Amino acid sequence: MTLVTCDHLLPLVLLLLLQTWRGCCHPQCLDYKPPFEPRQPLLFCKEYSKFGCCDLEKDGEISVRFYNIMANFDHSGFMACGKYLRSILCQECSPYSAHLYDAEDANTPMRMLPGLCPDYCSEYWNQCRYTLSLLLEDFGSPQQFANLTATIEEDSRRFCDFLELKDKQYCYPNVLTNTDLNANLGFVSEDPKGCLELCLQEVANGLRNPVAMIHADDGTHRFFVAEQLGYVWVYLANGSRIDRPFLNLTRAVLTSPWAGDERGFLCIALHPRFIVVRKAYVYYSVSVKKEERIRISEFTLLPHDDNQLDHSSERTVLEVAEPASNHNGGQLLFGLDGYLYIFIGDGGRAGDPFGKFGNSQNKSTLLGKVLRVDVEDNDESAPYSIPPDNPFVEEKDTRPEIYAYGVRNMWRCSIDRGDPATGRGRGRMLCGDVGQNKYEEVDIIYKGGNYGWRAKEGFSCYDRKLCQNSSLDDILPIFAYPHKLGKSVTGGYIYRGCQMPNLNGLYIFGDFMSGRLMSLKENKTTGEWQYNEICMGRDQTCRFPKLINSHYKYIISFAEDEAGELYFLATGKPSSTARAGIIYKIVDPSRRAPPGKCSIKPSHVQIKGKLIHFYPKEEFTINKKPTTTPVPKTTTTTKTPPKRKSTSIKIIKPPMPTRKTIRKTSLPPPTTASTTKTTRKTPITPAPTAETTKTTLQTTRKPTRNTPTPATTMSTIKAATPTQTTPATTVNPTTVQRAMATTPARTTPTGYRTTIMTAALSKIAQTPIITTPQTRRHGKPLQYPQGTTSQPITTLQPTPQATTRLPYWSQRPMASPQRPPINTSLPKSQEERLWIGVKMERVGEGNQVFKRPRGRDRGRGYKRGRGRKLRVGSVRLVSADGLSDRGRVEIFIRGEWGTVCDDLFNTKAGTVVCRQLGFTTALAVMKRAALGEADRSVRILLDDVECEGGEGSLLQCKRSRVGKHNCTHGEDVGVICG
């Protein structure tokens, strides 16, 4: 009976395992972004010309590196090993490069070389084992890896422990032949039910029922967000919000805090020539003599402030009495023809009960209509005029403003920008029309069209008597869905942006009640629209920096920014007073545009007032079905969001694509044994035994290789050169030797993360510790794991390897690693200097972190080095990990060190800091004290720093007065240099 049950369950178990396996890897590049199709075909790594992680420039860098390595070979060696080296180097261009380099998590160490499959690694070892040292040359001086490569090149097991990726399905080259993995590579991923898996990025939060988001199309890339309560806010391209509202109509707007109240401030539209005309139009509910009305008003910008309307300039364009409090419509659009389109609901209640045929079919009223009016050149005349080609201008007893009729309650409309290549679809107007009790629909608006309400609801009849009228001649929707999918459609946009080419032509919309995201794709041949639901990416799909896979349920509106990227506005509590509204950007994680294609340079915006910076609240969620975010139980107005309690495991995505090796090492004084702590992925290093002993080699690595520059490293020790070393009669053990003497022997782990220094550790007591010039890799200090060896074991005059090279190995000069001479003594003076070097590295010598003086000199400009005083404006990076290329920014002013607030601080200001420290540029600016918060005793010296990038110090940038600020140490800014 047990056997039968197991046989019955076996297929289910295998299916679950397959689904787990399929979700454990996703296309991702080493910059933590999706792959792309390069703008020009690659010349070296040609197999990735259609889809991968390299553009032509990166391809050229890999080519140069390959030929530099192959210069060490004769013709036979080139023919024998070239294919292996080329394949290994080109894996940086693979769409799965992040997985091959173990770089899918930005907070864990990255492999130096891609993970190989066992069979391929064995073949590589048999043919070209001695080329490993050449592949590692780029990570430091050749001699620094002499012991590492020498100990493993002779042992195939150790060799492949270092290079293999244990996941046989995703290692190279199996990843190329995995049919399931590569079947739809580069296309929008789908779940087993065909649901399109997309991700989100939070761009704004703390909003009270955000009902609309628009842009000015003026090159600033700012956007304007309206709240139902009556506020309109200005957001800059960097996500910051201006503290003063663009418009405040809260005293005039008719609304309530009741959940689901349809009245309020409903829409805003800017004049298509906003830079010149400087006018905005708004749509809101108002009470006039106890009568509820819809009001469309015109406002003008203040003369000397482009981010605030003149409240005294309001001019009423149109008012329409509302017989009920629902079905208020609420859309304003400027068409490509320059006219203003106004979408008004049918007047409310249920079934449009007004008159014989209802308001929507009655062309003598404006309710239930799409209106088109001309507001151009109206300063000295009526608020609007009638376009001469409006369809019912000549019809008797018909309002000439009507452009289309028979609509119920259109909520959110958009105008198609057209295909970027062909222009197909340009100017089409698509709307979501909320249904009665059976169907929701999406329509394309045509001039003079009758959209059927109340005769029809969707494709079906609602009023059967009217529905049978042959003169109805109504326009059917392009799509309608039943109420089991949702009960209140929210119209969206056709994606025409640049960043996500897979989404081009996809109409994305949603439903307010169900929180469902949906899409339609037009068949260009038949004209029919194909439906696909959109769901949040599962498993690894959304595991990219800043991306999330859940959202609040109530989808209020959709939006398009100046570049054509899509957003939607949702809330967890549909009340005009609840600060539960969030704006999400829609992101396709399967493919991006090639680097540089979609770059924008927002024009300068003159700000009056302060900026409120954006900090995301939402998190990427795993071990939980990705769906809508639960309704918040409480609302908050504090700047720092409260921590949420959840039973599921949550990973907060890193704010910037930076890599950092996480390790905490307690380094003892020279007279005591050391205890070493490593990251969760790094096993504790055991003491050397008669068998093999392995230590951990982890490097902090950026995917882009830069020209190395000199700097102090974590493991390069300032000791005497070999010519200064004299034999000593007493042998002083090194720190590592003392640690190993007190560490119990354990079973040695294997694999890449436990690394390959077996022979090096077994002979460390007999190896002299000789330093080499300090080196950098990729513009950052080369780092060695703390707690394994005190420093790289190298020699300035290595002896030739005893191992016989293969016949094809070239005898020309080459920088290959070689074995160091054996020396069993270490002078006491040299060991003391060695310990001082380690100690200086631990306190951050490389990033200029110095202790504050005590006593009466505290806070003064103390001297360092050879008595040289610090210059005013000098900067330093304070890093808890002792890293020289990253840390909290501190500046020296008025005889003391102080911090800098992150308000307005961007990469240009970060570049000014990095250049002062000898780096080329700032790779990332870290806000909210992400790189450490200063002690309360440290003053905040600078705030609101705005730089152009060419200044000599932060004091030369636009900023507040020294010592004047409105922030705390929780907003200390940090930078990562490169």
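The following exercises, each with a worked solution, concern a predicted model.

**Exercise 1. Unusual backbone geometry**

Determine which residues W453 and Y172 are joined to by cis peptide bonds, and where those partners lie.

Solution. Most peptide bonds are trans. Begin with Y172: the bond from Y172 to P173 is cis, with omega near 5°. P173 is placed in the loop between α8 (156-163) and α9 (174-177). Turn next to W453, which a cis peptide bond joins to R454, with omega about 15°. R454 belongs to the loop between β17 (439-444) and β18 (456-457).

**Exercise 2. Positive phi outside glycine**

For R349 and A929, state the value of phi, and decide whether each residue is buried, partly exposed or exposed.

Solution. Most residues other than glycine have a negative phi. In R349, phi is positive, near 65°. This residue is located in the loop between β12 (340-344) and β13 (369-373). Because its relative accessibility is 49%, R349 is classed as partly exposed; the exposed class begins over 50%. A929, which is not a glycine either, has a positive phi of about 55°. Its place is the loop between β41 (922-926) and β42 (939-942). With a relative accessibility of 14%, A929 is buried, since buried means under 20%.

**Exercise 3. The nonpolar cores**

Identify the residues with the most contacts inside the largest nonpolar core, and the strand that gives the most to this core.

Solution. The largest nonpolar core comprises 71 residues, and F246, F265 and I342 have the most contacts inside it. Its greatest contributor is strand β8 (residues 279-288), which supplies seven residues. The surroundings of I342 can then be examined: leaving aside neighbours within four places in sequence, I342 is in contact with residues including Y283, I296, L318, V370 and V373. Another core lies apart from the largest one; it has 45 residues, among them Y84, I88, L116 and L165.

**Exercise 4. An enclosed strand and its two partners**

Explain why strand β23 (residues 517-522) is described as largely enclosed, and establish how it pairs with β22 and with β24.

Solution. First, consider burial. Five of the six residues of β23 are buried, and the strand is therefore largely enclosed by the rest of the structure. Second, consider β22 (residues 506-511), which pairs with β23 in the antiparallel sense over five bridges. F509 is found opposite M518 of β23. These two strands form a hairpin with five residues between them, and G515 in the turn has a positive phi of about 70°. Third, consider β24 (residues 529-536): six bridges join β23 to this strand, and the two run antiparallel. Here E522 has W529 in β24 as its bridge partner. β23 and β24 also form a hairpin, with six residues between them; in its turn, G527 has a positive phi of about 80°.

**Exercise 5. One face of a helix**

List the buried residues given for helix α5 (residues 118-128), and determine how they are arranged around its axis.

Solution. The buried residues in α5 are Y120, C121, Y124, W125 and C128. Viewed down the axis of α5, its buried residues fall within an arc of 140°, so they line one face of the helix. The spacing follows a general rule: an α-helix has 3.6 residues a turn, so residues three or four places apart point the same way.

**Exercise 6. A serine in a loop**

Decide whether S576 is buried or exposed, and find which residue's backbone oxygen lies 2.8 Å from a polar atom of its side chain.

Solution. S576 occurs in the loop between β28 (566-571) and β29 (581-587). Its relative accessible area is 1%, so S576 is buried. The backbone oxygen in question is that of S256. Not counting residues up to four places away in sequence, S576 touches R208, N209, Q228, L229, T255, S256 and P257.

**Exercise 7. An open sheet**

Give the strand order of the open sheet of four strands, and name its edge strands.

Solution. The order is β15-β16-β17-β20, with antiparallel pairing. β15 (410-415) and β20 (479-482) are the edge strands, as each pairs on one side only. From one strand to the next, the twist averages 15°. Within the sheet, four bridges pair β16 (residues 429-433) with β17 in the antiparallel sense, and L430 has I444 in β17 as its bridge partner.

Conventions
Residues numbered from 1 in each chain as written. Heavy atoms only, no water. Buried < 20%, exposed > 50% of the residue type's maximum accessible area, 1.4 Å probe, protein only. Core = buried A, V, L, I, M, F, W, Y, C linked by side-chain atoms within 4.5 Å. Contact = heavy atoms within 4.5 Å. Pairing = 2+ DSSP bridges. Arc of directions from axis to C-beta. Polar contact = N/O pair within 3.5 Å; in protein donor to acceptor, adjacent residues only side chain to side chain. Axes fitted to C-alpha atoms, helices over the stretch in contact; angles between N-to-C directions.
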